[in-house]
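Grab a pencil and try these short exercises on the structure below. Each one comes with a worked solution.

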2 protein chains.
Amino acid sequence: MIGTMASKKSRKSSDVPYRRRYAIVMAGGIGSRFWPWSRSAMPKQLLALASDESMLADTVTRIRTIVPKENIFVVTGSKLRRGVAKAIPWLPTSGILCEPTGRNTAPCVGWAALEVAARDPEGVMIVLPSDHVVGPPKKFEKSMLSAFKVAADNEQLVTFGIKPTDPATGYGYIKAATVKKGSAKDKGPALAVEAFVEKPDEKTAKRYLKTGKYYWNSGMFAWRADTILGEIAAHLPDLSRGLRKLEATRKRGRIAQKDVDRIYPKLPSISVDHGVMEKSKRVAMLPADFDWSDIGDWNAVGDMWPGDEHGNRTRDPLIAIDAHGNVVATNGKPVALVGVDGLAVVDAGDALLICPRERAQDVRRVVAALGPAGLGKLS
Amino acid sequence: MIGTMASKKSRKSSDVPYRRRYAIVMAGGIGSRFWPWSRSAMPKQLLALASDESMLADTVTRIRTIVPKENIFVVTGSKLRRGVAKAIPWLPTSGILCEPTGRNTAPCVGWAALEVAARDPEGVMIVLPSDHVVGPPKKFEKSMLSAFKVAADNEQLVTFGIKPTDPATGYGYIKAATVKKGSAKDKGPALAVEAFVEKPDEKTAKRYLKTGKYYWNSGMFAWRADTILGEIAAHLPDLSRGLRKLEATRKRGRIAQKDVDRIYPKLPSISVDHGVMEKSKRVAMLPADFDWSDIGDWNAVGDMWPGDEHGNRTRDPLIAIDAHGNVVATNGKPVALVGVDGLAVVDAGDALLICPRERAQDVRRVVAALGPAGLGKLS
């Protein structure tokens with residue numbers, strides 16, 4: 001019935017029914033920028049950075065209010081299965097899809113689409129990274145419901161664009177197309193997309209901000225399972241072939257892990273942005289009506305946390321004497337800072353990091369140095 | 001017999017016999033500059049700063065080679081008895097003298113002199129702080145043996161002067177007097193003292209260094225028990241009266257702790273430097289032929305520890321990226337420093353300190369702030 005609705009654009013649409021809504025949470029990241037808290041078996045999405053729950057749990061809980069829990073799939077790495085299950089104890093075991101090896105986002109999304117399509121080919125799936133900070137919940141819900149509808153009604157690949165608040169150079173941008181209201185290209189509450197652009201330099205980012213036509217690429221999507229599978233078939237035929245092979249192994253509704261382990265590693269490694277979104281004619285951008293940050297390092301984390309009158313950000317007991325603008329993360333251990341400014345101080349119990357906030361990205365260099373220093377067990 | 005020798009200055013002297021040698025180690029300090037390692041029940045002398053033993057154990061072991069262990073007395077606070085006993089398990093229980101409350105060094109030295117005199121009035125006692133770094137052992141021994149001799153032969157209050165290596169402003173200085181060789185004032189290997197002077201400012205310290213007549217006041221002494229008791233009687237009559245009262249309680253060779261607890265708190269609180277050394281005519285300074293440092297804070301500790309090619313000093317696993325001249329003390333926990341210079345980073349498991357090395361003295365301010373911050377249990 002939804003299918004019929006969706007194929008007739010002129011029809012008056014209604015909300016996608018609860019049972020047809022799916023959510024895919026991509027939790028395969030192996031980010032090393034949150035060392036010493038993050039480890040290969042404890043990546044960013046499993047850390048409690050934004051609340052006292054893991055970012056993954058926050059993400060799944062956030063979408064849980066509008067998606068049935070049996071329709072939620074977390075795609076992660078085999079090594080993280082235990083950590084994911086622990087982070088979201090209420091998620092059915094069948095809701096954890098384990099990649100034997102990471103193949104970027106297109107295969108991940110494709111496999112998840114197979115799972116949705118096996119249950120409901122016209123099911124609509126929201127695709128969410130597991131390690132972003134998003135709020136407030138009500139605005140997020142509203143945006144998601146709107147995306148479900150656009151994706152269902154118009155068979156669009158919906159991407160969420162975030163209205164930039166500053167000329168950030170750490171994100172890719174999406175340029176909205178100018179479309180005449182009511183024309184064939186008018187996508188309702190969504191906007192047509194003129195182009196996806198790479199992370200800009202600062203000068204370019206400032207220009208983007210000024211035009212008002214550029215949005216941050218959040219990496220969040222919404223589409224019907226049959227739409228994305230069709231677009232993969234059109235633009236990534238190799239991947240499509242692989243996915244069909246995978247689907248062919250399904251027995252009694254299930255694809256066995258051994259078949260995933262055999263077929264998945266051979267799928268082409270490519271992002272859904274490059275492989276599909278940049279090529280497809282069905283792309284629509286929904287300007288997000290919520291706050292969003294990908295908090296990419298300890299510096300960004302600090303901006304989320306409570307601050308004292310000297311701009312020190314922490315959730316831990318802190319004595320600051322002539323100390324300003326520091327970020328402290330010690331899991332509850334009291335810290336005294338004397339005469340230091342702008343540092344990130346991170347204690348993980350078994351390892352300690354100190355670096356200027358502005359060099360927080362260099363934490364990756366520390367992780368790379370662990371092995372050679374004989375400290376590989378900390379990586 | 002030694003008494004007779006010592007009273008005739010012209011006599012050819014010989015070494016003080018082993019059994020007449022005593023050592024008093026002053027371990028009552030409550031220093032807070034080594035927080036978070038140091039706590040009220042774990043002051044500097046109980047920390048393993050210079051070796052993998054406590055500074056107290058290092059001190060006692062160092063003098064143990066030339067003094068019988070039953071002639072060694074550690075004077076400490078009642079709260080530290082257990083810690084001291086644990087640090088030096090081989091010391092007889094009777095060798096720990098517990099002050100019910102600190103009364104500065106003159107009462108401490110006076111009480112210890114009573115204990116020595118009760119065993120041997122002409123026993124010679126070396127008085128040592130428990131938290132200094134001293135070496136090498138052979139040179140130290142030689143200096144101590146020389147001091148025993150000067151103290152015994154000439155009935156002098158011997159103080160050790162350290163030849164300054166830089167214009168330090170953190171120590172008091174001793175100015176040597178110019179004495180004609182062979183004159184009545186000639187004290188053999190020891191020098192006559194013209195004056196004790198307070199910690200100088202930098203300009204003054206530079207002048208001191210230039211003249212070559214000024215020595216650092218190390219706070220180490222040597223004297224016969226009867227000599228120091230006589231000088232206390234001459235210059236601190238109130239203290240002397242109190243000590244006689246204490247001595248009068250001795251039964252079967254022992255002063256009971258309850259009598260100490262009753263009498264000791266009423267003794268006048270004054271340092272042996274101000275109360276006796278600066279007034280006595282019997283003072284001699286022995287230039288120390290060993291290396292010495294009182295390592296007063298984390299900055300000074302760093303200078304003792306092994307360094308990497310960027311001047312980072314630590315005994316712990318360290319990854320340093322663009323980091324120079326830092327001191328790291330984490331009891332074995334691996335640390336990564338990125339882009340920071342000249343910091344002291346100290347982890348105690350339950351608390352963490354970060355401050356520039358040059359502000360290491362301000363750690364006292366942190367300790368003062370613990371209570372008001374609700375972290376009194378860490379002080």
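**Exercise 1.** Work out how many helices and strands chain A of this predicted model has, and how its radius of gyration sits against the globule rule.

*Solution.*
- Start with the elements: chain A holds 12 helices and 17 strands.
- Next, the radius of gyration of chain A is 22 Å, and the globule rule gives 21 Å for 379 residues.
- Those two values are close, so chain A is as compact as a globular protein of that length.
- For its extent, the C-alpha trace of chain A spans about 65 × 50 × 35 Å along the principal axes.

**Exercise 2.** Look inside chain A: find what percentage of its residues is buried, and what share of the contacts joins residues at least 24 apart.

*Solution.*
- Counting a residue as buried when 20 or more other C-beta atoms lie within 10 Å of its own, you get 49% of the 379 residues in chain A.
- For the contacts, take those in chain A between residues at least 6 apart in sequence; 66% of them join residues at least 24 apart.

**Exercise 3.** Now describe the side of chain B that touches chain A, and say which element gives the most to it.

*Solution.*
- Here 29 residues of chain B are in contact with 29 residues of chain A.
- Elements giving two or more residues to this side of chain B include strand 13 (318-321), strand 16 (343-347) and helix 12 (363-370).
- Strand 17 of chain B gives the most, with five residues.
- Sorted by class, this side of chain B has 21 nonpolar, two polar and six charged residues.

**Exercise 4.** Find how strand 17 of chain B pairs with strand 15 of chain A.

*Solution.*
- Three bridges join strand 15 (residues 335-338) of chain A to strand 17 of chain B, and the two run parallel.
- To pin down one partner, go to A:Leu337: its bridge partner in strand 17 of chain B is B:Ile354.

Terms used
Residues numbered from 1 in each chain as written. Chains lettered and ligands numbered in written order. Predicted model: local features only at pLDDT ≥ 70, side-chain atom pairs only at ≥ 80, totals over all residues. Contact = placed C-beta atoms within 7 Å. Helix = DSSP H or I, 4+ residues; strand = E, 2+ residues; numbered from the N terminus. Nonpolar A, V, L, I, M, F, W, Y, C, P; charged D, E, K, R; others polar. Pairing = 2+ DSSP bridges. Rg over C-alpha atoms; globule rule 2.2 N^0.38 Å. Buried ≥ 20, exposed ≤ 12 C-beta atoms within 10 Å, placed from the backbone.
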